Amino acid sequence: MSHIILGIESSCDDTSAAVVKDTWLLSNVIASQQVHKDFGGVVPELASRAHELNIVPVVSRALDLAGVSPDQIDAIAFTRGPGLLGSLLVGTSFAKTLSIAIDKPMVMVNHLQGHILASFIREEGTPVCEPSFPYLCLLVSGGNSQIVKVNSPTDYEILGQTIDDAVGEAFDKCSKMMGLGYPGGPIIDRLAKEGNPERFTFSKPHIPGLDYSFSGVKTSLLYFVRDAMAEDPMFMENNKEDICASFQKTLIDILLDKLVKAAKQTGIKEIAIGGGVSANSALRERITLEGAKRGWKTYLPKLKFTTDNAAMIAVAGYFSFISGERAPLDVAPVSRLADY
Ligand code: KG4
C-alpha cells in the first residue's frame, strides 16, 4: 500500500513543502528568502516573519503541483529541529493546525536525518541510485560536520563530528573575511575553479579519532591574510582565486582524511554525502575519485537536494511513518537536537 506524505521544512531561511508517494517525489516547492542578503547572514526574526508569509502559499502550491488534495494525505512530516527556533515554530505550528484540520497524523523529522536520506528521493525519469545499509554519510552543512553510520532509515550512529565550527561555517567565514559575500560556500567554490589549490598551505587539525575541527584552519587563514595584506594591500584582490582554491582544498583534505579512516575502521564501502556543502564541486569530484581508488560505491545527492528542501523531510518522514512513529500534538520544536 502506498502512502502520501506532505513534508514541511522551515528550519532556517527556506520555506519549503513537498509531496511524496512513498519515496517518489510528486512536488517540491521552495521559497528562498532574499531579505537576508544585505545583512551578511540570516537574521532570525526576519526569517520567522518571512516563513509566516510563505508557508500557506508554498504548501498550497506543493499540493496543487502534486495533484493531491488534503484528504489524500496520509501524514504530515515536519522539521522539528535543529534550526532557528522562530523559524521551526512556524513549520511546526502549521503542521499541527493542518493535522487537526484534516485529522491526519504528524511525524517529526530531524533536519539532519533529511540531509542524510537525500539520496533516497526518487524522481520519475531518473535512475534510482540508493546506498544499501549500512552506509556512511558525510554530513556537511552550515551547522554540522559529521560522519554518520546509517544502519537503517531510522537508525543512526554518529562516528565523528566537529568539536567546534562546522565546515560550512569555515567556508562562510572565509568568504566574509575576504569580503566576498554570503553564503560563502558557492562563491568560494566558483572562484576556486580559477585558482591553484597547491599555492598556499593552511594548518590542519590533529584531533584524535573521527572528530573534526575547523576553527584552527579558519584562524590560520585569518593570520595569513592579515600578514600578507600588511606587506601588499592588493594581495587579496590579486590572489583571491588561489586563496579560495587552497583554502577549499585544505577543508576537503580534512573531511576526506577522517572519512577514509571511518571507511577503513568499519569496512563499509557504501559512502554518501549530504548537506549544503555536499554541493561543493571539488568535494564531489574528490569523493568520486577517492571512491574509485578505494572500491567505494559513492552516492552524491542531486544538487537541488543538497540545500534545505522539504523533499528530504517528506522522504525521511515516510520512513518514520511506516516504522510506526507519530508525533504528539504537544510536540515542541527544538533548536538543538543532540542525537537522531
Ligand atoms: O545544509 P545547508 O543548506 O543549511 C544548514 O546549515 O542546515 O548548508 C548551508 C551551508 C552554508 O555554509 C553554505 O556556504 C554551504 O552550505 N554551501 C556550500 C556550497 N553551497 C552551499 N559550501 C561549499 N560549496 C558549495 N557549493
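Trainee: What is the strand order of the open five-stranded sheet?

Mentor: This is a predicted model. Its open sheet has five strands, and their pairing is mixed. Strands β8 (155-161) and β10 (297-299) each pair on one side only, as edge strands. The order is β8-β7-β6-β9-β10.

Trainee: By how many degrees are neighbouring strands of this sheet turned against each other on average?

Mentor: Direction is ignored for this angle. The average turn between neighbouring strands is 25°.

Trainee: Do β6 and β9 pair in the parallel or antiparallel sense, and which residue stands opposite leucine 139?

Mentor: Strand β6 covers residues 135-140 and β9 covers residues 270-274. Four bridges join them in the parallel sense. Opposite leucine 139, in β9, stands glycine 274.

Trainee: Which helix packs on the sheet, touching β6, β7, β8 and β9?

Mentor: The helix spans residues 235-266. Its direction makes about 160° with that of β6. The name is α7.

Trainee: How many residues apart in sequence are the parts tied together by phenylalanine 200 and phenylalanine 224?

Mentor: The two rings form a tilted aromatic pair, 4.9 Å centre to centre with 55° between the planes. Phenylalanine 200 lies in the loop between α5 (184-192) and α6 (215-231), while phenylalanine 224 lies in helix α6. The pair therefore ties together parts separated by 24 residues.

Trainee: Is phenylalanine 224 buried or partly exposed?

Mentor: Buried means under 20% relative accessible area. Phenylalanine 200, at 12%, is therefore buried. Phenylalanine 224 has 22% relative accessibility, so this residue counts as partly exposed.

Methods:
Residues are numbered from 1 along each chain as its sequence is written. This is a predicted model: local features need pLDDT of at least 70, side-chain atom pairs count only at pLDDT 80 or more; totals for chains, interfaces and linings use all residues. Side-chain values use heavy atoms; hydrogens and water are left out. Two strands pair if DSSP finds at least two bridges between them. Helices (H or I, at least four residues) and strands (E, at least two) are DSSP runs, numbered from the N terminus. Axes are lines fitted to C-alpha atoms, for helices over the stretch in contact, and angles run from 0 to 180 degrees between N-to-C directions. Contact means heavy atoms within 4.5 Å. Rings of Phe, Tyr and Trp (its six-membered ring) pair if their centres lie within 6.5 Å; planes under 30 degrees apart count as stacked, over 60 as edge-to-face and the rest as tilted. Buried means under 20% relative accessible area, exposed over 50%, partly exposed in between (1.4 Å probe, protein chains only).
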